[in-house]
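Please look at the sequence and the structure below before reading on. The report is meant to be read with both in view.

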Amino acid sequence: MTDYFRLKNICHIENLDELLKKNTKFDHPYGIVLGYRKFEENCKVYQNVTIGGKYGDKSIYPQDYPSIGNNVTIYAGAAIIGGITIGNNVIIGANSVVLKDVPDNSIVYGNPATIIGRS
């Protein structure tokens with residue numbers, strides 16, 4: 001079974017072909033749900049990651065989805081929710097819940113996620 005087959009059949013990833021062309025890596029491609037406004041290049045996503053919109057009384061609009069910068073690593077179980085921006089060169093720790101913008105070169109962890117360092 002190829003990684004592409006697994007990704008297409010056991011994950012929900014918007015624009016998978018586009019992400020693969022941008023050198024996005026899925027090291028353990030299980031349980032991943034990705035809905036996003038923008039997803040840049042050279043990112044790495046681990047298992048059980050959710051990137052998604054924030055629901056309200058109305059349907060989701062594109063601005064309600066996260067934007068992910070270049071060279072972002074998102075570790076297992078993390079959730080990135082809402083119309084926020086994740087900067088370039090960011091590391092998001094395992095099981096973190098990110099609800100606010102994250103500046104470039106940051107390391108975030110926790111629920112809710114907070115900056116614990118700079119990379």
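The paragraphs below go from the whole protein to its largest pocket and then to single residues.

This is a predicted model, in which local features need pLDDT of at least 70 and side-chain atom pairs count only at pLDDT 80 or more, while totals for chains, interfaces and linings use all residues. Residues are numbered from 1 along each chain as its sequence is written, and side-chain values use heavy atoms, with hydrogens and water left out.

The secondary structure of the protein consists of 2 helices and 14 strands, where helices (H or I, at least four residues) and strands (E, at least two) are DSSP runs numbered from the N terminus. The radius of gyration is 13 Å, close to the 14 Å that the globule rule gives for 119 residues, so the protein is as compact as a globular protein of that length; this radius is taken over C-alpha atoms, and the rule is 2.2 Å times the number of residues to the power 0.38. Of the 119 residues, 40% count as buried, a term that means under 20% relative accessible area, whereas exposed means over 50% and partly exposed lies in between (1.4 Å probe, protein chains only).

Rolling a probe the size of a water molecule over the atoms shows where empty space is left. A pocket is an open set of points on a 1 Å grid over the protein atoms alone, where a 1.4 Å probe fits, with protein on both sides within 12 Å along at least five of seven lines, and lining residues have an atom within 4 Å of a point. The lining of the largest pocket includes Val97, Val98, Val108, Pro112 and Ala113, and strand E14 (113–118) gives the most to this lining, with 3 residues.

Pro112 lies in the loop between strand E13 (106–110) and E14, and the peptide bond that leads to Pro112 from Asn111 is cis, with omega near 0 degrees. Most residues other than glycine have a negative phi, and most peptide bonds are trans. Two asparagines with a positive phi are set out here.

| Residue | Phi | Loop | Relative accessible area |
|---|---|---|---|
| Asn71 | near 60 degrees | between E7 (67–68) and E8 (73–74) | 35%, partly exposed |
| Asn89 | about 60 degrees | between E10 (85–86) and E11 | 30%, partly exposed |

Ser96, in the loop between strand E11 (91–92) and E12, is buried, with a relative accessible area of 0%. Not counting residues up to four places away in sequence, Ser96 touches, among others, Gly77, Val108 and Ala113, a contact being heavy atoms within 4.5 Å.
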